[in-house]
Amino acid sequence: MTELKGFLAPKTPTGKSAIIPEMPWHYSGTLLTVEYLTDPANVRAILPPELELADEEPGAVALIWADWQSCSDDFEELLDPDRSQYMETFVVVRCKYEGVTYSRCVAIWVTKDFAMARGWFQGYPKKLGSMHSTRVYNRGKATPTLEAGAKFGASLAAYDHRLASAKVTLTGPVESNGFVNGHKMLHNRWVPSITPGAGNSLDQLITMGGVDLDLGQAWGGTAELTLGDSQWDELGSILPVEKILGGYFREVGTTFNGGTLVADLGSNPSI
């Protein structure tokens with residue numbers, strides 16, 4: 001019989017139809033970040049019981065617009081740009097597990113199905129959405145220049161409902177593009193059993209981070225941020241803004257080549 005191939009479904013004899021290819025996955029892009037404070041109780045409410053609040057600034061949140069181009073090791077996706085280019089907007093908090101501080105994505109919207117599939121594999125709670133952020137180009141007048149006074153705008157919507165709007169004005173170079181998204185990610189991977197009431201077939205706590213980091217100069221500045229809800233998405237009500245900490249822009253490159261199982265929380269592969 002023919003062996004079916006594919007990193008994730010659908011599997012075929014060639015494996016070409018799989019929604020995502022084998023790791024590693026390479027990323028090049030830009031990050032526009034707004035960091036703010038909310039009540040730590042809001043962060044606690046969105047963390048599972050096995051995780052604790054971070055010791056410092058436990059109410060810190062980062063909302064990040066990422067404009068990506070990505071590919072696998074054969075770089076074939078770069079020759080079919082619809083397969084490599086996408087955007088995502090994600091919400092990051094910090095948490096602690098067994099004394100170690102981690103970053104954790106608690107909400108995220110993306111524009112492509114392959115990005116969503118990669119995210120579910122990694123424990124990111126990805127949903128489809130629509131997002132835009134100001135891009136930087138090296139020529140012409142229709143672009144901000146990376147200098148003090150440069151202005152950026154960004155928006156996020158899902159199901160045609162606006163969920164976030166942001167403005168960032170750069171004031172100068174900084175050491176990093178924020179502190180909230182500065183640790184390894186700690187995520188839950190879970191799949192409910194096909195049998196009603198039988199728990200989860202997969203229930204894992206995992207950690208991961210990028211390798212081969214290639215970071216451009218980080219720029220910081222002031223920011224404005226407005227959050228909202230819809231009947232299908234909660235953002236403004238779950239993590240409301242109490243105080244803006246700042247805004248950032250950075251060009252980044254990284255590679256994902258797997259993560260580490262931290263704890264098996266009761267997976268039952270037989271169901």
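## A walk through a strand-rich predicted chain

Strands β8 and β9 make a hairpin in which two residues separate them, and Tyr159 in the turn has a positive phi of about 55°. The model is predicted. Tyr159, although not a glycine, has this positive phi, and its place is the loop between β8 (151–158) and β9. With a relative accessible area of 55%, Tyr159 is exposed, because a residue over 50% counts as exposed.

The two arms of the hairpin run antiparallel and are joined by eight bridges. One point of reference on this ladder is Phe152, whose bridge partner in β9 is Val168. Val168 also stands opposite Ala223 in β13. Val168 can therefore serve as a link when tracing from β8 through β9 to β13.

Strand β9 covers residues 161–174 and strand β13 covers residues 218–227; the two pair in the antiparallel sense over ten bridges. Besides the pair at Val168 and Ala223, Gly172 has Gly220 in β13 as its bridge partner. From β13 the trace continues to strand β14 (residues 243–256), again in the antiparallel sense, here over three bridges. Trp219 has Phe249 in β14 as its bridge partner. In a regular strand, side chains alternate between the two faces of the sheet.

What does Gly253 in β14 contact beyond its sequence neighbours? Leaving aside neighbours within four places in sequence, Gly253 is in contact with Tyr27, Ser28, Asp212, Leu213 and Asp214. Ser28 is 225 residues away from Gly253 along the chain, yet their C-alpha atoms are separated by 4.4 Å. Gly253 itself counts as buried, at 10% relative accessibility.

Returning to the hairpin, Ser133 offers another route into the fold. Ser133 lies in strand β7 (residues 130–133) and is buried, with a relative accessible area of 14%. Outside its neighbours within four places in sequence, Ser133 is in contact with Leu32, Trp65, Met87, Gly153 and Ala154. Of these, Gly153 and Ala154 fall within the residue range of β8, 151–158. Leu32 falls within the range of β1, 25–37, and Trp65 within that of β3, 60–71.

The chain has two helices alongside its 15 strands. Is helix α2 (residues 113–122) enclosed or open to the surroundings? Seven of its ten residues are buried, so α2 is largely enclosed by the rest of the structure. The buried residues are Phe114, Ala115, Met116, Ala117, Arg118, Gly119 and Gln122. An α-helix has 3.6 residues a turn, so residues three or four places apart point the same way. After α2 comes Gly123, with a positive phi near 90°.

Several other backbone features deserve a look. The peptide bond from Ala9 to Pro10 is cis, with omega near -5°, and the bond from Met23 to Pro24 is also cis, with omega near 5°. Pro10 is found in the segment before β1, and Pro24 has its place in that segment too. Glu57 has a positive phi, near 45°, in a residue other than glycine. Glu57 is in the loop between β2 (52–53) and β3 (60–71). With a relative accessible area of 42%, Glu57 is partly exposed, whereas Tyr159 is exposed.

The last step is to view the chain as a whole. For 271 residues, a compact globule would have a radius of gyration near 18 Å, and the chain's 19 Å agrees with this. The C-alpha trace spans about 65 × 45 × 35 Å along its principal axes. Buried residues account for 46% of the 271 residues. The chain exposes about 14000 Å², and carbon and sulfur atoms supply 52% of that area. Among contacts between residues at least 6 apart in sequence, 67% join residues at least 24 apart; the contact of Gly253 with Ser28, 225 residues away along the chain, is one of this kind. The chain carries 22 positive and 32 negative charges, and the mean positions of the two sets are 4 Å apart.

Notes
Residues numbered from 1 in each chain as written. Predicted model: local features only at pLDDT ≥ 70, side-chain atom pairs only at ≥ 80, totals over all residues. Heavy atoms only, no water. Helix = DSSP H or I, 4+ residues; strand = E, 2+ residues; numbered from the N terminus. Rg over C-alpha atoms; globule rule 2.2 N^0.38 Å. Buried < 20%, exposed > 50% of the residue type's maximum accessible area, 1.4 Å probe, protein only. Contact = heavy atoms within 4.5 Å. Areas by Shrake-Rupley, 256 points an atom, 1.4 Å probe, with all protein chains shown as cover. Lys, Arg positive; Asp, Glu negative; His and termini not counted. Charge placed at Lys NZ, Arg CZ, Asp CG, Glu CD. Pairing = 2+ DSSP bridges.
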